[in-house]
Amino acid sequence: MSAKDLLNEYSNILAGVDTLKMEKEKRYGMVITPEIKAQLENIDREIDPIIEKFNARAVELVDLIKAEVVAAGETVSGEFHQAVYMKGRTSWDSKSLEGYAAAHPEILQFKTIGSPSVSIKARSK
């Protein structure tokens, strides 16, 4: 099979999963009585705002943790999570170095080329 055929099969699988999820929700709607649905909505109204507050605080904490770890310059471990410090990456101006290598080919021995990679994403329509 070609990559295009495989991608099309992948798309069809994802579409099938979406269709099954919709069917599942439809069937849930057929068996959940209006009374039970109202009770579930009450639970959502009670608990969802608390979850939103926790999530907002978690976002704030991530920013604070990152700032502290960068300032300390080292990884910090908590009881359940770890904030891993990574020093800034070094990058080079490849275009300029290629030009330099044309005049100084001995520098090419230090050049490595990584393996190609592929990411699959949804196409915008």
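These legends accompany three close-up views of a predicted model.

**View 1. A nonpolar patch on the surface of the predicted model.**
Welcome to the surface first. Here Y28, M30, V31, I32, I36, L40, I43, I47 and I51 together make a nonpolar patch of about 810 Å². Two elements, α1 (3-31) and α2 (34-72), each give two or more residues to this patch. Of the contributors, α2 gives the most, with five residues. One of the patch residues, I36, is found in helix α2. With a relative accessible area of 39%, I36 counts as partly exposed, because that class runs between the 20% limit for buried and the 50% limit for exposed.

**View 2. The largest pocket and its lining.**
Next comes a pocket with a volume of about 420 Å³, the largest in the model. Its lining includes K4, L7, N8, Y10, S11 and L14, and also I120, K121, A122, R123, S124 and K125. Sorted by class, the lining has five nonpolar, three polar and four charged residues.

**View 3. The second largest pocket and the residues around its centre.**
The last view turns to the second largest pocket, whose volume is about 340 Å³. Its lining is made of 14 residues, and I65, K66, Q82, A83 and V84 are the ones that lie nearest the centre. The elements giving two or more residues to this lining are α2, β1 (76-77) and β2 (82-83). Helix α2 supplies the largest share, five residues. By class, nine residues of the lining are nonpolar, four are polar and one is charged.

How values were computed
Residues numbered from 1 in each chain as written. Predicted model: local features only at pLDDT ≥ 70, side-chain atom pairs only at ≥ 80, totals over all residues. Heavy atoms only, no water. Patch = residues over 30% accessible without salt bridge, like charges linked within 9 Å, V, L, I, M, F, W, Y side chains within 5 Å. Areas by Shrake-Rupley, 256 points an atom, 1.4 Å probe, with all protein chains shown as cover. Salt bridge = Lys/Arg side-chain N within 4 Å of Asp/Glu carboxyl O. Helix = DSSP H or I, 4+ residues; strand = E, 2+ residues; numbered from the N terminus. Buried < 20%, exposed > 50% of the residue type's maximum accessible area, 1.4 Å probe, protein only. 1 Å grid on protein atoms, 1.4 Å probe; cavity = no way out; pocket = protein on both sides within 12 Å on 5 of 7 lines; lining within 4 Å. Points joined across faces, edges and corners; volume = space filled by probe spheres on them. Nonpolar A, V, L, I, M, F, W, Y, C, P; charged D, E, K, R; others polar.
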